[in-house]
Amino acid sequence: MAENNPTDLPASVLAHMGTGREHPQAKVRSAAVLEARRKAESGDRLTKEDALALYEDNDLLFLAKCARAAKERKSGKNVYYTVNRHINLTNICSSNCPLCAFQVEQGDKRGYVMEHDDIARVLEQAKATRNLTEIHIVSALHPDKPLDYYVDVVKQVRKALPKADVKAFTPVEIVNFAKTSGMTIREVLQVLQEAGLDSLPGGGAEILSDRVRQIICPKKATTAEWLETMRTAHELGIRTNCSMMYGHIETIEERIDHLLLLRGLQDETGGFQAFMLFPFHPAHTKLGEEHHLQRVGSWEDMKMLALSRLVLDNVDHFKAFWIMLTMPIAQLALGFGADDLDGTIGEEKIIHAAGAKTNTGITRSTLKKIIRETGYVPVERDTFYRAIPDQDDEKEVQG
C-alpha cells in the first residue's frame with residue numbers, strides 16, 4: 001500500500017482527493033501559517049503576522065492545544081476563582097455611548113445613584129459572605145458627581161471591609177475624574193489610593209483603536225488616555241487587569257493590534273494581573289441596531305481566547321467571565337487557555353442591561369464543581385492571586 005501512496009497520507013484523506021471535497025488533514029498551508037503554528041506550539045513570541053495567520057487558519061483544536069500548554073506553563077492545573085461582590089454606583093452617564101445598554105441620560109426615570117445608605121446595605125450583605133476578598137466597583141460617567149463622592153465610596157468600603165481588596169474604576173472613569181476635577185490622572189489615582197483603592201479593573205478598553213472608538217464610544221477616553229492611565233497606575237504600584245471587547249465593528253487586524261498594545265505595556269510595566277475578553281452583547285444598544293449586529297458564536301469566543309493567550313505571553317492569568325459567556329461556555333474556556341472563572345459576583349447590572357441572561361450570582365461550591373469537571377484543581381484566591389485555604393465546612397451567603 002505504501003508504494004502506491006507516495007504522500008504517506010492516510011487512505012481516508014486520499015479518498016477525498018479528486019472529489020472536490022477537502023479532508024481536514026489534506027489542508028495545504030502556506031509557509032507563513034506553518035511558521036506561525038511552529039511558534040505557537042513551541043511557545044515562541046508571536047508577531048502580528050503570526051497571529052493573523054493563525055486566526056485565518058481557523059484550526060480551533062490546534063489553538064486550544066497550544067493555549068492549554070501556555071496556560072499550564074504558568075498556572076499548572078490550577079483554575080482560580082474568588083468570592084467577590086460587584087457594585088454599580090449609577091447608570092446616569094454623560095458619554096451616551098452607542099455600545100452601551102446600561103446608561104441613561106440625566107432626568108430619565110430609569111436612572112439611579114447609590115448614596116451612602118444604599119452602599120451601606122450592600123456592604124452589610126457582603127460582610128455576611130465568608131472569605132469575601134474583593135469589592136468590584138464600576139459605573140457610568142455621572143455628569144454631576146464630584147471626585148469627592150467616589151473617594152468617599154472607597155473610604156466607606158475600606159472602613160466596612162478592611163481586609164477586602166477595593167478594585168474600582170476603569171481607566172475611562174479615571175480619565176473622566178481627571179477632566180471634571182481639573183487634576184491629572186496621576187493625582188486622581190494618588191487621591192484614590194490614599195483613600196484605600198487597591199487595584200483597577202480592566203474595562204473601558206473596548207478596542208484600542210481610535211477609529212473604532214470614534215464610532216462606539218466617542219466621548220470616552222482615547223487609546224492613549226487608557227494606556228496612560230494603566231501605565232501610571234502601574235508606576236504607583238496599583239495592579240490592574242486588562243480587557244478587550246470584540247464582535248462589533250472592529251477588524252481582526254484591529255483586535256490583534258489591541259493585544260499587541262497590551263503586550264507592549266506589560267513588557268514595560270509588568271502591572272497587568274489578568275486579561276479578559278468581553279464579547280459584545282448588541283441587544284438594546286444603538287450600535288447593535290444601527291449595524292445589525294448579532295452576538296458572535298462560541299467558536300469565535302474560543303478562537304479569540306486561545307489566540308489571545310498565545311499573543312499575550314507575558315500576562316499570567318486569563319479570565320473566562322461567566323457573566324458574559326454563560327457558564328457552559330466559560331467552563332469550556334478552561335480548555336482554551338483560561339485559568340480563572342472570576343468570582344461569585346453577587347450582583348451585576350451593566351452586562352445584563354445589554355441582554356445577558358446569566359444569573360447575577362453563583363455559589364462557591366458551584367464554581368468548584370464546574371472546575372473539577374474539567375480535570376483542573378479549583379483554587380480560591382484573593383485579587384492578587386494569593387491562594388486562600390479551602391474550608392470544607394463552608395456556609396455560603398449570597399446577596
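## Helices H10 and H11

Helix H10 packs against helix H11 (residues 252-269) at an angle of about 25°, and their axes are 11 Å apart. Angles under 35 degrees count as roughly parallel, so H10 is roughly parallel to H11. The crossing of H10 with H11 is right-handed. This is a predicted model.

Which residues make the contact? From H10 come Thr223, Trp226, Leu227, Met230, Arg231 and His234. From H11 come Leu261, Leu262, Leu265, Glu268 and Thr269. By class, the contact of H10 with H11 has six nonpolar residues, three polar and two charged.

## Helices H8 and H10

H10 (residues 223-235) also packs with helix H8 (residues 185-195). Here the angle is about 45°, and the axes lie 10 Å apart. H8 and H10 are therefore oblique to each other. Their crossing is right-handed.

H8 brings Ile185, Arg186 and Leu189 to this contact. H10 brings Glu225, Glu228, Thr229, Thr232, Ala233 and Glu235. The residues of the contact of H8 with H10 divide into four charged, three nonpolar and two polar.

## The whole chain

The protein chain has 399 residues, and 56% of them count as buried. Its secondary structure comes to 17 helices and ten strands.

How do contacts spread along the sequence? Take the contacts in the protein chain with a separation of 6 or more. Of these, 74% are between residues 24 or more positions apart.

## Strand E1 and its partners

Strand E1 covers residues 78-82. Four of its five residues are buried, so E1 is largely enclosed by the rest of the structure.

E1 pairs with strand E10 (residues 377-380) in the parallel sense, over four bridges. In E10, Glu380 is the bridge partner of Tyr81. E1 is also joined to strand E9 (residues 340-343) by two bridges, and E1 and E9 run parallel. There, Thr82 of E1 stands opposite Gly343 in E9. In a regular strand, side chains alternate between the two faces of the sheet.

## Ala338, before strand E9

Where does Ala338 lie? Its place is the loop between helix H15 (327-333) and E9. Buried means under 20% relative accessible area. Ala338 has a relative accessible area of 0%, so Ala338 is buried.

Ala338 and Phe318 are 20 residues apart along the chain. Their C-alpha atoms are separated by 4.7 Å. Phe318 is also one of the residues in contact with Ala338, leaving aside neighbours within four places in sequence. The others in that set are Lys71, Leu305, Lys319, Ala320 and Ala333.

## Ser199, in strand E5

Ser199 sits in strand E5 (residues 199-200). Is Ser199 buried or exposed? The relative accessible area of Ser199 is 0%, so Ser199 is buried.

What does Ser199 touch, not counting residues up to four places away in sequence? Its contacts include Asp165, Val166, Lys167 and Ala168. Ser199 also touches Ile238, Arg239, Thr383 and Phe384.

Terms used
Residues numbered from 1 in each chain as written. Predicted model: local features only at pLDDT ≥ 70, side-chain atom pairs only at ≥ 80, totals over all residues. Heavy atoms only, no water. Axes fitted to C-alpha atoms, helices over the stretch in contact; angles between N-to-C directions. Parallel < 35°, antiparallel > 145°, perpendicular 65-115°, else oblique. Left-handed = near helix turned anticlockwise from the far one by under 90°. Contact = heavy atoms within 4.5 Å. Nonpolar A, V, L, I, M, F, W, Y, C, P; charged D, E, K, R; others polar. Buried < 20%, exposed > 50% of the residue type's maximum accessible area, 1.4 Å probe, protein only. Pairing = 2+ DSSP bridges.
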